Amino acid sequence: MIEVVFAILMISNGNVIEYVPTEGMSNCLEQKRIVSRQIGEDQKGITIQCKEVKAELYEDCVSNNCRLKIKKIID
């Protein structure tokens with residue numbers, strides 16, 4: 001399924017290396033603060049960004065616990 005979602009993006013040297021959908025902009029900013037604290041300030045070339053993206057999503061289910069994940073971002 002294709003939807004527009006807010007996602008937290010991890011960018012290394014200009015390339016998106018990880019992306020996770022969030023429940024909205026405020027949730028994205030909260031997650032960004034948590035991740036930024038965990039990776040620390042010493043990570044050269046790595047930035048965390050919240051962005052509204054059009055993405056292909058899929059459901060990932062483990063032990064009856066399902067959540068949406070991003071398969072790919074559509075430009």
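The exchange below goes through a predicted model.

In this predicted model, local features need pLDDT of at least 70 and side-chain atom pairs count only at pLDDT 80 or more, while totals for chains, interfaces and linings use all residues. Residues are numbered from 1 along each chain as its sequence is written, and side-chain values use heavy atoms, with hydrogens and water left out.

Colleague: Is Thr-22 buried, partly exposed or exposed?
Modeller: Buried means under 20% relative accessible area, exposed over 50% and partly exposed in between, with a 1.4 Å probe and protein chains only. Thr-22 has a relative accessible area of 14%, so Thr-22 is buried.

Colleague: Which strand supplies the largest share of the largest nonpolar core?
Modeller: A nonpolar core is a set of buried Ala, Val, Leu, Ile, Met, Phe, Trp, Tyr and Cys residues joined through side-chain atoms within 4.5 Å. The largest has eight residues, among them Val-5, Leu-9, Val-53 and Ile-70. Strands are DSSP runs of E with at least two residues, numbered from the N terminus, and strand 1 (2-12) and strand 3 (46-62) each supply at least two residues of this core. The largest share, four residues, comes from strand 1.

Colleague: Which residue forms a salt bridge with Glu-56?
Modeller: A salt bridge is a side-chain nitrogen of Lys or Arg within 4 Å of a carboxyl oxygen of Asp or Glu, and a search of the whole structure finds two. For Glu-56, which lies in strand 3, the partner is 15 residues apart, in strand 4 (residues 65-74). The closest N and O atoms are 3.9 Å apart, and the partner of Glu-56 is Lys-71.
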